[in-house]
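User: I am new to this structure and would like a short tour. Please take my questions one at a time.

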Amino acid sequence: MCGRYAASKDVAELVELLDVEQDATGEPTRGVARAEPGAGVSPDYNMAPTKAAPVVLTRRPRGASAGDDAEPVRQLRLLTWGLVPSWAKDVTVGVRMINARAETLLDKPAYARAARARRCLVPADGYYEWQQSPTACDAKGKPRKQPFFISRADGQPLVMAGVYELWRDRTLPDGDPASWLTTYAVITTAAEPGLDTIHDRQPLVLDPEQWAAWLDPERTGDEHVRGMIEGQRPGRFDACPVSTAVNDVRNNGPQLLAPAPADQLVGVVDPATGEVR
């Protein structure tokens, strides 16, 4: 999976869709560089690594001490895309850790602890992927790359499985809003037939009946995690070629989701038929 997706739902829609109990998107949050005031959720049709994105997780409310009886609650928070392990010395490592492979999720030190106890849901309209043409070249003589927008065929939001981590900046005092950085990575798996004509990877997409089990912080066993990342149901997605405007992260807006004109689809492989246009 390449590092772009669209997330246009507002807070009210996400709260209802994902049965959120606490909206924490207005709280101050630290980005890769500094602390930011709580900005809430804004539509973003070109979500890219290092941006803050709405993510759902289940944990005890902020401020709850280890000895109290506060129950974990389902929260909507703004997290930074690009996982920074708790032991990392430099937050910039997150730029290289936007995806976690399902096949090695429980083996890699950077992801294993989070996979067992810090799992999250990443809501999206869909994600972008780039297909390398087998026949057409660009102006530089390299294989032409056609962006596709991939979404659920049933029109429902696409909810990706993720893991999150908390990183403490030891150079800052306790209580400083910039002392904690919370980041996430999207779990990916092998692309299913059809989508594999675009790219060999795809995000792990969970259906509504799987959300609660994925978010449950008490279910920490490896078998639970493996059972949820294996045996994904194929055939849930539509793939639509879109304008190359999405290539530039500075471009944003719903126009990025519009189908590309047929005369621009030179050397594109149709995911449904395998035919080259």
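User: What kind of model is this, and how many salt bridges does the structure hold?

Analyst: This is a predicted model. Salt bridges here pair a side-chain nitrogen of Lys or Arg with a carboxyl oxygen of Asp or Glu within 4 Å. The count for the structure is 14.

User: Which residue meets Arg77 in a salt bridge?

Analyst: Arg77 sits in strand β7, residues 73-81. Its partner lies in the loop between β2 (22-23) and β3 (29-30), 50 residues apart from it, so the pair links distant parts of the chain. The N to O distance is 3.0 Å, and the partner is Glu27.

User: Is Arg77 buried or exposed?

Analyst: Buried means under 20% relative accessible area. Arg77 has 8%, so Arg77 falls under that cut-off. Its partner Glu27, at 25%, counts as partly exposed. Arg77 itself is buried.

User: How far apart are the closest N and O atoms of Arg152 and Asp154?

Analyst: Arg152 is buried, with a relative accessible area of 10%. Asp154 is partly exposed, at 44%. These two form a salt bridge, and their closest N and O atoms are apart by 3.1 Å.

User: How many residues apart in sequence are the parts that Asp207 and Arg236 tie together?

Analyst: Asp207 and Arg236 form a salt bridge, with closest N and O atoms 3.2 Å apart. Both residues are buried. Asp207 lies in the loop between β14 (201-203) and α3 (208-215), and Arg236 in the loop between α4 (222-229) and β15 (237-241), so the separation of the parts is 29 residues.

User: Which residues are joined into one network with Asp207 and Arg236?

Analyst: The link comes from salt bridges that share partners. Besides Asp207 and Arg236, the network takes in Arg152, Asp154 and Arg233.

User: How many residues are in the largest nonpolar core?

Analyst: Nonpolar side chains tend to be buried together in soluble globular proteins. Here β7, α2 (109-117), β12 (158-168), β13 (180-190), α3 and α4 each supply at least two residues of the largest core. Those with the most contacts inside it are Leu18, Tyr111, Leu121, Val163, Ile187 and Trp214. The core's size is 38 residues.

User: How many residues are in the other core, apart from this one?

Analyst: This other core lies apart from the largest one. Among its residues are Met47, Val122, Tyr127 and Val205. Its size is 28 residues.

User: Which are the edge strands of the open sheet of 5 strands?

Analyst: The strand order is β5-β1-β10-β11-β15, with antiparallel pairing. From one strand to the next, the twist averages 30°. An edge strand pairs on one side only, and here that fits β5 (44-47) and β15.

User: What is the bridge partner of Tyr5 in β5?

Analyst: Strand β1 (residues 5-7) pairs with β5 in the antiparallel sense, over 2 bridges. The partner of Tyr5 is Met47.

User: How many residues of β7 are buried?

Analyst: Strand β7 pairs with β6 (residues 52-59) in the antiparallel sense over 8 bridges. It also pairs in the parallel sense with β2, over 2 bridges. Another 2 bridges join β7 to β13, again parallel. This strand is mostly covered, and the buried count is 9 of its 9 residues.

User: Which residue in β13 does Trp81 stand opposite?

Analyst: Strands β7 and β13 run parallel. Opposite Trp81 in β13 stands Tyr184.

Key
Residues are numbered from 1 along each chain as its sequence is written. This is a predicted model: local features need pLDDT of at least 70, side-chain atom pairs count only at pLDDT 80 or more; totals for chains, interfaces and linings use all residues. Side-chain values use heavy atoms; hydrogens and water are left out. Helices (H or I, at least four residues) and strands (E, at least two) are DSSP runs, numbered from the N terminus. Buried means under 20% relative accessible area, exposed over 50%, partly exposed in between (1.4 Å probe, protein chains only). A nonpolar core is a set of buried Ala, Val, Leu, Ile, Met, Phe, Trp, Tyr and Cys residues joined through side-chain atoms within 4.5 Å. Two strands pair if DSSP finds at least two bridges between them. Axes are lines fitted to C-alpha atoms, for helices over the stretch in contact, and angles run from 0 to 180 degrees between N-to-C directions.
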